Amino acid sequence: MQQRQRRWNGWGWADETVPLPSSARAWLSERLGAGEPLPEAGEQSVRLPAARPLPELPATTLGDRTARLRHACGLAFPDVVVLRTGVPQAFPDAVCVPESTEQVVAVLRAAVEADVAVIVRGGGTSVVGGVTVNAGSRPTVVLSLERLRGLVALDRASLLAAFRSGTLGPDVEAALAPSRLRLGHEPQSFEFSSVGGWIATRSAGQRSTGVGKIDDLVAGLEIATPDGVWSLPPQPASAAGPELRRLVVGSEGRLGVITEATLRVRPLPECRDGAAVLVPGWSTGLEVCRALLQTGPVPEVVRVSDPDETSFGIALTEVPRVAAGVRDLILGMRRFHRGCIVLLEWAGAPQDVVLARQAAARIWQDAGGLALGRTPWRRWLAERFRHPYLRDVLLSAGWGVDTLETAAPWSALEALHGAVRHAMTAAAEAAAFRTAVLCHLSHAYRDGASLYFTWLWPLRRGDEIGQWRLLKDAASEAIVASGGTITHHHGVGTMHASYLEREVGTSGVAALAAAARALDPHGVLNPGVLLPPSLRPDGAGRGKP
Ligand SMILES: Cc1cc2nc3c(=O)[nH]c(=O)nc-3n(C[C@H](O)[C@H](O)[C@H](O)COP(=O)(O)OP(=O)(O)OC[C@H]3O[C@@H](n4cnc5c(N)ncnc54)[C@H](O)[C@@H]3O)c2cc1C
């Protein structure tokens, strides 16, 4: 059987796409005006410079153009633009694919010996420049964990499962399913992202409100450093100094290569149920979610779309004429003029799910919500991993789209939402183009929640990255000024590195740099990621990221 190919210059499988309904096209044309389609260069037309000489590496090393091109970038907006137009800035000199922890250590030692930069790569789905090769003076190797896959051990009694770090989402769940277990960590990039990448970036899955972020699911770690293997075995709890596993979670490859992780797993739920509710406005939606989180029982999924995202979501959904008529009638009601969709899902024993749904219904009814039945939830379940294909479709249609995420306490969320929307809209206006800034709340906690913004704009040929940067900078400044975190789950990468100090302070950055210096004294690992490039652990200069 022929292996399915991944798209080389965008999201997902090369043979898969999603349609852009005419209603969505009309929505975009009306809100944004027409843009200029981004052309697509052929894979063979990209010109690669000759690879720089490398020492012999103690693991399989690929130097062919396909391997070098397909490991040059992640999936951030600028990555996709440079790939599609056929002009990536820099390429790895080779791609190394170790098959064991020992080989990873040996490669790192060889890299130190020869002063070679090493970009650690899991699934390559970073949207913050975490795996993008930058032009530097040192030769660069991508260390891909694609051959370090699979379940290593399952401790059924303790509900702990150890995986090699390159294991992708579907393979994690497939390995657990025969034991009636699941991890439940399902980021939208689930099909292509890896255990090690999730941990390195502090990822959040779509069911994180119920199962927790990856931070909560990591029990033990094995990390390869140039010095050898650093083992942090699973402990249910400990008082043996600060929690070092937490230091590695979110370290984005700067403190070593995660080669194995022991994860907290749980029984598969006996039953799932979901609901969609229309509430009169954004503040009501936030209040419903806060009440759900603070009074319980806590749903596994909680999402509220703001009025603009609700409106675009409707434009994206093709429904039969009769259903559309009923929907328009409801939306025509004065109280739902700026209506917001709330999506909820519960999982567990059937009687618990029924009780949780009833408790939630009391909350949304008190808030004036209108239950829309289960169809929108079922549609979300069926389509949630297909939405990313839209970016490539939109680029071909002339519209740019990207996403960013933050989080803040409940008391700050509404102002944060307003500040980001205002800053991005004003920045676009000043540059004489329009933007639509859509937002949903997801990943909710007792003390706050994450806001996830999707922003669209009409593309100007040749200035796609300039337009993107203008909007991204405006949003990032508004986020830090409003007390939000610069990233809730995408990570710092190179894109947010200059904001880290404003969030964790000078001492925080110094502590992280000291940890990097201790574990990677020659600064070969992921230059420019997480910590600003000027902070090379050995103090020597480094190429600008
Ligand atoms: C369409 C799309 C949807 C997304 N949806 C979500 C989402 O719902 N939730 C979410 O959290 N994120 C999401 N992301 C972002 C991305 O998928 C996550 O950051 C993910 O955790 C990255 O995993 P990866 O295996 O692809 O890592 P990579 O992209 O390969 O690497 C990410 C970073 O981690 C480092 N790294 C990778 N593996 C290791 C390792 N074993 N040891 C040390 N460092 C390592 C890399 O050097 C890099 O800095 C999405 C991305 C896309 C493109």
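**Figure 1. Strands β5 and β6 form an antiparallel hairpin.** In this predicted model, β5 (residues 151-155) and β6 are joined by four bridges. A153 has A162 of β6 as its bridge partner. Four residues lie between the strands of the hairpin. L159 takes a positive phi there, near 55°. β6 spans residues 160-164. Four of its five residues are buried, so the strand is mostly covered under the 20% cut-off for relative accessible area.

**Figure 2. β6 also pairs with strand β10.** The two strands run antiparallel, with five bridges between them. β10 covers residues 257-264. Within β10, R264 is the bridge partner of L160. β6 thus has bridges to β5 and to β10.

**Figure 3. An open, mixed sheet of four strands.** The strand order is β1-β2-β4-β3. β1 (61-62) and β3 (117-121) stand at the edges. Each has a single partner strand, so one side of each is left without a neighbour in the sheet. β2 (residues 94-96) pairs with β4 (residues 140-144) in the parallel sense, over three bridges. A94 has V141 of β4 as its bridge partner. Helix α4, residues 101-114, lies across β2, β3 and β4. The helix runs at about 170° to β4.

**Figure 4. The ligand and its surroundings.** The ligand is surrounded by 36 residues. The closest are V120, T125, S189, S194 and N526. A polar backbone atom of V120 is 2.5 Å from a ligand oxygen atom. S126 places a backbone N or O atom 2.8 Å from an oxygen atom of the ligand. N526 makes its approach through the side chain: an N or O atom there is 2.7 Å from a ligand oxygen atom. Residue V120 falls within the edge strand β3 (117-121).

**Figure 5. Helix α17 and its packing partners.** α17 covers residues 464-481, 18 residues in total. At 1.5 Å a residue, the helix should span 26 Å; the end C-alpha atoms are 26 Å apart, which agrees. Its buried residues include E464, W468, L471, K472, I479 and V480. Also buried are Q467, A474, A475, S476 and A478. The buried residues pack against helices α3 (77-84), α16 (410-430) and α18 (500-519). They also pack against strands β16 (399-409) and β18 (448-458). G483 follows the helix, with a positive phi near 85°.

**Figure 6. Q467, a buried residue of α17.** Q467 sits in helix α17. Its relative accessible area is 1%, so Q467 is buried. A polar atom of the Q467 side chain lies 2.9 Å from the backbone nitrogen of R460. Beyond neighbours within four places in sequence, Q467 is in contact with F433, W457, P458, L459 and R460.

**Figure 7. C439 in strand β17.** The strand covers residues 436-444. C439 counts as buried because its relative accessibility is 0%. Leaving aside neighbours within four places in sequence, C439 is in contact with W282, V304, S305, D306, E309, H417, L451, Y452 and F453. One of these, H417, belongs to the α16 range (410-430). D79 is 360 residues from C439 along the chain. The C-alpha atoms of C439 and D79 are separated by 23 Å.

Key: Residues numbered from 1 in each chain as written. Predicted model: local features only at pLDDT ≥ 70, side-chain atom pairs only at ≥ 80, totals over all residues. Heavy atoms only, no water. Pairing = 2+ DSSP bridges. Contact = heavy atoms within 4.5 Å. Axes fitted to C-alpha atoms, helices over the stretch in contact; angles between N-to-C directions. Expected span 1.5 Å × (residues − 1). Buried < 20%, exposed > 50% of the residue type's maximum accessible area, 1.4 Å probe, protein only. Near = heavy atom within 4 Å. Polar contact = N/O pair within 3.5 Å; in protein donor to acceptor, adjacent residues only side chain to side chain.
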